[in-house]
Amino acid sequence: VTQFSSWLCLALKNIAKEMRKGFNSLAILVAWKIRKHRNECVFNGANPSASLVLQSVANESIICCSAGACALAKISVEFA
């Protein structure tokens with residue numbers, strides 16, 4: 001957790017102020033999806049897959065943007 005929070009603080013300093021809220025949302029979403037996938041692997045015997053995690057993040061971000069996550073939608077457009 002310490003390494004992640006250190007990385008997040010450093011990354012936020014390099015992100016334009018108007019994009020920070022979206023970046024925070026994306027960072028939390030990615031961390032959450034990694035944790036969920038890890039739990040699937042540990043507790044249900046799933047095979048580790050970075051591509052599965054990335055697809056899950058993409059799908060969830062689409063849902064969040066559709067539900068009105070404007071800041072996430074803005075950062076998604078910037079990095080697309």
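This is a short tour of a predicted model, one selection at a time.

**The whole chain**

Start with everything shown as a cartoon. The chain has 4 helices and 0 strands, so the pattern along the sequence reads α-α-α-α. Turn the C-alpha trace around: along its principal axes it spans about 40 × 30 × 20 Å. If you switch on a surface, about 5900 Å² of the chain is exposed, and carbon and sulfur atoms supply 63% of that area. Of the 80 residues, 21% are buried. Among contacts with a separation of 6 or more, 42% join residues 24 or more positions apart.

**Colour by confidence**

Next, colour the chain by pLDDT. The average is 90, and 92% of the residues score at least 70. Which elements have the lowest and the highest mean pLDDT? Helix 4 has the lowest, at 76, and helix 2 the highest, at 95. Where pLDDT is low, the predicted coordinates should not be read in detail.

**The nonpolar core**

Now select Leu8, Ala11, Leu12, Ile15, Met19, Phe23, Ala27, Leu72 and Ile75, and show their side chains. These 9 residues form the largest nonpolar core. Helix 1 (2-13), helix 2 and helix 4 (70-79) each give two or more residues to this core. The largest share, 3 residues, comes from helix 1. In soluble globular proteins, nonpolar side chains tend to be buried together.

**A stop in helix 2**

Select helix 2, residues 20-44, and find Ala31 within it. Is Ala31 buried, partly exposed or exposed? Its relative accessibility is 30%, which lies between the 20% and 50% limits, so Ala31 counts as partly exposed. Add Val57 to the selection and draw a distance between the two C-alpha atoms: Ala31 and Val57 are 26 residues apart along the chain, and these atoms are separated by 9.5 Å.

**The cysteines**

Select Cys41 and Cys70. Cys41 has 18% relative accessibility; this is under 20%, so Cys41 counts as buried. Cys70, at 61%, is over 50% and therefore counts as exposed.

Keep Cys70 and add Cys65. Why does the sulfur of Cys70 not form a bond with the closest cysteine sulfur? That closest sulfur, in Cys65, is 8.6 Å away, which is too far for a bond. A disulfide needs the two sulfur atoms within 2.5 Å, so this pair does not qualify. Searching the whole structure gives 0 disulfides.

Notes
Residues numbered from 1 in each chain as written. Heavy atoms only, no water. Buried < 20%, exposed > 50% of the residue type's maximum accessible area, 1.4 Å probe, protein only. Core = buried A, V, L, I, M, F, W, Y, C linked by side-chain atoms within 4.5 Å. pLDDT = per-residue confidence, 0-100. Contact = heavy atoms within 4.5 Å. Areas by Shrake-Rupley, 256 points an atom, 1.4 Å probe, with all protein chains shown as cover.
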